[in-house]
Amino acid sequence: MAYSTKQAYRTNSESRLGKETRTVKFKFDGRRYTGLEGDSLASALLANGVHLVGRSFKYHRPRGIMAAGVEEPNALITLVGRHSTAKSAIRSGRITPNLRATQIELYDGLEAYSQNRFPSLRHDLQAANGWFGRFLVAGFYYKTFKGFGFGLGRVGASFAWSRIYEPLIRRSAGLGKAPRASDPDHYAQFYRHCDVLVVGGGAAGLSAALRAGKAGASVILCDETPHLGGSLLDVENDSVHIDNKYAGQWVKSMVKEIAAIKSITVMTRTQCFGLFADGFAALSQQTGDHVPRNHGQSEGAAASADLPREVLWQVRAKATILATGALERPLVFPNNDRPGVMLASAAEAYLSRYGVAVGRQVVVFTASDSAYGSALTLVGGGVKVTHLIDLREAAAQPRALVDKLREAGVQIIPKASITMVHGKLRVKSIQYRRLDSLGQPQGAELEIPCDTVLMSGGWTPSLHLHSQARGTVRWEEASQNFLPAAPKPHLNFKLVSAGACSGRFGIANALDSGLAAAATALKMVGITDKGGATRPKVVERPISWQGHLGAVPHGHDPRRVKAFVDFQNDVTERDLLIATQEGMKSIEHVKRYTTTGMATDQGKTSNLNGMAIAAEALNRPIPAVGLTTFRMPYTPTSFGIFAGYARGNLFDPIRITPMHRIAVEQGAVFEDVGQWKRAFYFPRAGESMHDAVYRECLTVRQNVGLFDASTLGKIEILGPDSAEFLERFYINPWKKLATGRCRYGILLNEAGFIIDDGVVARIAEDRFHVTTTTGGAARVFAMMEDYLQTEWPELNCWLTSTSEQFAVIAVQGPNARNVLTGLVEGVDLNPTVLPHMGFVQGHICGGIPMRLFRVSFSGELGFEVNIPSAQGPLVMAALLAKVQALKGTVYGTEAMHILRAEKGYIIVGQDTDGTVTPDDAGMAGAIGKNKLDFVGKRSLSRPDMIAPNRKQLVGLLPKEPSLALEDGAQVVAMNNPPAGTPALGHVTSAYYSPILGRNIAMGLVMGGRAKMGETVYIPIGDKTVAAEIVNPVFYDPTGDRVNV
Amino acid sequence: MKFSFSSLVKQGLSDHRGWGEQWRDPAPQPSYDVIIIGAGGHGLGTAYYLAKKYKVGRIAVLEKGWLGGGNTGRNTTIIRSNYLWEASEGIYNHALNLWKDLSSELNYNVMYSPRGVLSLSHTIHDVQVSKRHVHANRLAGIDNEWLEPNQIAEFCPQINLSPKLRYPVLGGALQRRGGTARHDAVAWGYARAADALGVDIIQNCEVTGITRDNNGQVSGVETTRGAIKAGKIGVVAAGHTSVVMAMAGVRMPLESYPLQALVSEPIKPAFPCVVMSSTIHAYMSQSDKGELVIGAGTDQYVSYSQTGGLYIDSHTLEAICELFPIFRRMRMLRNWGGIVDVTADRSPIIGTTPVPGLFVNCGWGTGGFKATPGSADVFAATIANGEPHPIAAPFRLDRFRTGNLIDEGAAAAVAH
């Protein structure tokens, strides 16, 4: 198929695109077209006479391009990219649904598809929804699909909804299709600070940015479009002169002047989509989508693939100037959604920016002066405008413009209203009627043939960002607008609005308010504006900026015609009337019941009209009905930029211990424990996990093993009150702990439950080395700081996290002392000098400073060697060599867990779950008896904390030693319990014990310690395992093995 | 008017002129038998069951703003009952049983959709915790099943099951009866049904004080629309419960945090169920309208601002993009926040208070929507009878004094 090169609607008049633009080829719905470089997809389609670009959400009505910018509700398309089929694009993951054709920049080879239609845009079967339109009103779904249960009563109804109706509704809802493959593009994130952030590069934004920049402020000026200039790019040359220049020329000179100031950063294609408290702004910059990418290329092959697709800028500005402009409002009249019905300003933009005529025979329908200017621009560009219909009386019309239009042959019809639009896939004609003195249609309906209707209901200031940042708004009766109000004095609200978004319409007003806003912002920032600035001379047409709100008088029963308010969500005047009739009186209810303002344009063109219709129906003034809340984002924003670099291994930092490489060399399999990678077990050739763990456990029991314990949290406490601090923090007594001794500490929360544990060594009278669980390291440290700073500020001690400073190697097993002997220096390992729970400082491996704990989490003779992290690998290698010479082993977390379970040592978080007191865990003896207080002490005396039937930690021995229990399995009193049987407790840790040659488990069981020897039952899957309640210390209950 | 196929056809043919107000907009009467403070799903439901099951004559629901405008209208609509402790299983499963027939009960389509709720495990500790839930639920007769990764691939193929994930999916617990419902419809359905039973729902009526007689018994409320008398008052004010209860001199063990959620632009059906991952903080489903509905976390600091920090959304979308890389190009359409009232044990408070005649239902934290019908039903019984309904009894306020906590956060305790 050949590319259509006609572009029959391209005008010869000079567009802002320039004269020398290149022709590019693109495809839409498989058809080939040409456009010009610099076109938007919308302007290129219009150049080819294509208005029909989509189907509406509910009724699947044919829809055309309505706007030229961000507010477009209809022209949502799926962008595929370059040279590919839709199918291959879906597979590539680079397809993007729901983009606005008005914002897509054209490039050679671009391909796009319309959405929400089957089988084709022109013939959409679901347009049948329209035939049932009289039923598909607001609230339809709430009222029905409840009772159609095939006579099966309530069950049938529930089934029918979720299995039949809901899937059908889901299929017809939605817009585009999501990709089915991973997104190959990447996204970047940056942070910036500036003095002044200026949002919007129109007349107000340009003058504000330049003034602030000239005064020496660092300025970021962002605009959502590719070009600065805003509406100045759209107007015809005669409409406004600034500084004796045409608007376009003035913009060029401003852009040049701004570019010359180094402190101003200009960011185009950049949407400020979120504005938060304290001058924090979120900006989304498009960097990739306007650059063609080939699907055939592998990721990273092309230079363009190295570019991020979009960038998130998180900006802290000392002051923010909003120059976000205003959006033209549609008028609400029957069939105002037909392809060819557009906003007047959009038609002007297509002509001036892109050199595209939107039609051959245009009728303008307005309630606002600005549309006269739009009509003049079109006439000047050679577009035939036959009629201008104004809702207002002749006296309200802009005299000078009326005369000019009449001269150009435009018939001006005052005090009349369009009552119907004809044509389905494209406007064919309109009907209008005159209005009587009460504003009601009178007389005959007259028909005007046309292919385009331009509408203007006036202008709505864009308050979104102002409101997002918690700015309040006020209703201005004179202009019928909500405007930014003065901020509440208590807020640190360094925000000021300028130009049309603050109600200052027109170019002179925009420039004035832009300069004033810059002055205000500079004051907020604290910069003296020495130069000052005066506004350049502006010659513009004196026009009124008022408009019309709500439906126009069209003489039809609003319930019988479709006069659209929210185009994308198919909300009509009728829906709003029904909602208010049904008692929806809050604007939030009206919004949710009708879904007006809830489409992807978030009501940019519909909110005010919807509110006005609701207000009239409720017989209340508009401000009493109120606005719905503006929420981030201003325009839809890719998930990708929020995620940024956090993907793959960068999703969350990976923490590895200093000895990680040695573990890898030893063949470790790792497990994720929080952010840590911990060695799980070390399989040798041919070993299964069970084999390896079995060997590791037995080797530790019978010989010796090395374990990397570096992930444990470590906190150094220093100062004269260190012992007192620990005394209050942990349940144990610390004051009498001798220097050179360790103690096992237990930490509770205020509710009295165990939340952490660890060994604490007293290094000196005023210095302790505290260890925490791996997962608790940060939390315990934060909790200590919290208590020290807020509860006990009088205590004189300091906390330092030393988790990253020490590498820790546990040497466990009967041969542990032999491993260390010869390597340690200045340390006497003799048990009489360094007994169990002893601590000593010395050196190892030739002068490496060492803190040596004689502690055991295996039940065997054990030491924990703490050395500076950097020396960890060296010491580990030396220890490993000795262990290997003795035929010992390295072991991982699984063996560690089994060894400790054989001894009945708890793991906080596994054998406790935040509901376990020291007594429940059998560790009440650890509580310092004479302590006045410690964290959680008061809670331990609450009635339910000392109740007799609390769950207590016990051992569970399956009657059949070969049967395994399962972590988390429930413990009950009877065999084969029926559903609903209350649980006595649950299994907390279940393992096969190599040294005992049988399965063992620990569990929390109600009144367990009084039930020794009793049988309980543990249902696992379809079976129930019988187990005996026993003491949880399964191995070496007298503890002789640690004391050798 | 009853909503039905025939009434819809009839109204459709007569341009919908016959629909009446779904609820009245009454002025407050001088006195009521029971006043419910807070017209969210729980409060409106309470009024409905009080009128329907307990035949309480004169009931008013007072609402500061618009009904259903608090957390009922702001949550991500997840419904499930696979909680750990028997008390929790009791109330959430009671709710789940009511969800099943709620559309018929209220003559309002609340769009309960049992699409299955899948909770993912990413670490060995996760697996242990999750399996503990499965064991506990199965013993209680509540459906919850463990899926291995290959079964997950079948149930929800959109999940990235690559072992190369930073936190690979090791399995998940699936409750097939879990799913979603349409949140606004729940509030509106209860409001319409309660109104039809004579309940006065009074919006734009902020309670400013709670009055008590000489015996300390509540006697009524002061509001922005005047004083209203009542012998019994039920406070169901979610994030602002502490504020209201303070008016009666009761200090509540609650902290209020902003909690955020967001939706994508609507797309054709692309996601079949509800997936939750508490380890990497991702919660997602797809609404009937086609939007991906995503729950984010709470801010780290207490606040009454219905706007949370951007970094919280970013954190959630990091997890969503990692778990569902096919949705990385999807776009956030709207983000919002609500205020959740959180207790120390992450379980609600339902029942009597130290003040005679004053009842409270709060502390639902981040997950109250799923409980709406069950919570409303047992709270209504509690108010009507003056003593806790058996299902509500474990959730009594004084458990924080006695220590009989129901710690649903506990089992997710830290790993070694």
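Start by selecting strand 16 of chain B, residues 331-342: 12 of its 12 residues are buried, so the rest of the structure largely encloses it. Keep in mind throughout that you're looking at a predicted model.

**Around strand 16 of chain B**

Leave that strand coloured and add strand 12 of chain B, residues 255-264. The two run antiparallel and are joined by 10 bridges. For one spot to zoom in on, pick Ser264(B), which stands opposite Met332(B) in strand 16.

Now bring in the other chain. Which residue is the bridge partner of Thr637(A) in strand 16 of chain B? Click on Met332(B) and you have the answer. Thr637(A) belongs to strand 32 of chain A, residues 637-638, and 2 bridges join that strand to strand 16 of chain B in an antiparallel arrangement.

**A charged residue in chain B**

Next, select Asp299(B). You'll find it in the loop between strand 15 (292-298) and helix 8 (310-323) of chain B. Is Asp299(B) buried or exposed? Asp299(B) is buried, yet it has no salt bridge. The nearest side chain of opposite charge is Arg470(A), 10 Å away. To see what Asp299(B) touches, leaving aside neighbours within four places in sequence, show its contacts, among them Tyr257(B), Pro258(B), Gln260(B) and Ile312(B).

**Strand 14 of chain A and its partners**

Hop over to chain A and select strand 14, residues 280-286. Here 6 of the 7 residues are buried, so this strand too is largely enclosed by the rest of the structure. Add strand 13, residues 270-275: it pairs with strand 14 in the antiparallel sense over 5 bridges. One pair to highlight is Gln271(A) with its bridge partner Ser284(A) in strand 14. The hairpin of these two strands has 4 residues between the strands, and in it Asp278(A) takes a positive phi near 60°.

Then add strand 15 of chain A, residues 310-322. Strand 14 pairs with strand 15 over 7 bridges, again in the antiparallel sense. Look for Ala281(A), which stands opposite Val315(A) in strand 15. While you have strands on screen, here's a handy rule: in a regular strand, side chains alternate between the two faces of the sheet.

**A three-strand sheet**

Still in chain A, select strands 11, 10 and 29. They form an open sheet of 3 strands in the order 11-10-29, with antiparallel pairing. Strand 11 (245-246) and strand 29 (538-540) are the edge strands, each pairing on one side only. Strand 10 (residues 240-242) pairs with strand 11 over 2 bridges, and you can pick out His241(A) with its bridge partner Tyr246(A) in strand 11.

**A helix under cover**

Now try helix 13 of chain A, residues 573-581. With 9 of its 9 residues buried, it counts as largely enclosed by the rest of the structure. Show what covers those buried residues, including strand 30 (564-566), strand 31 (571-572), helix 14 (587-594) and helix 15 (607-618) of chain A. After helix 13 comes Gly583(A), with a positive phi near 95°.

**Out to the surface**

Select Phe190(A), Tyr645(A) and Leu650(A) together: they make a nonpolar surface patch of about 330 Å². Phe190(A) sits in strand 8 (residues 187-199) of chain A. Why does Phe190(A) count as partly exposed? Because its relative accessibility is 38%.

Last stop: Lys6(A), in the segment before strand 1 (23-28) of chain A. Lys6(A) counts as exposed because its relative accessibility is 70%. Finish by checking the distance between the C-alpha atoms of Lys6(A) and Pro1037(A): they're 1031 residues apart along the chain and separated by 94 Å.

Terms used: Residues numbered from 1 in each chain as written. Chains lettered and ligands numbered in written order. Predicted model: local features only at pLDDT ≥ 70, side-chain atom pairs only at ≥ 80, totals over all residues. Heavy atoms only, no water. Patch = residues over 30% accessible without salt bridge, like charges linked within 9 Å, V, L, I, M, F, W, Y side chains within 5 Å. Areas by Shrake-Rupley, 256 points an atom, 1.4 Å probe, with all protein chains shown as cover. Salt bridge = Lys/Arg side-chain N within 4 Å of Asp/Glu carboxyl O. Buried < 20%, exposed > 50% of the residue type's maximum accessible area, 1.4 Å probe, protein only. Lys, Arg positive; Asp, Glu negative; His and termini not counted. Contact = heavy atoms within 4.5 Å. Pairing = 2+ DSSP bridges.
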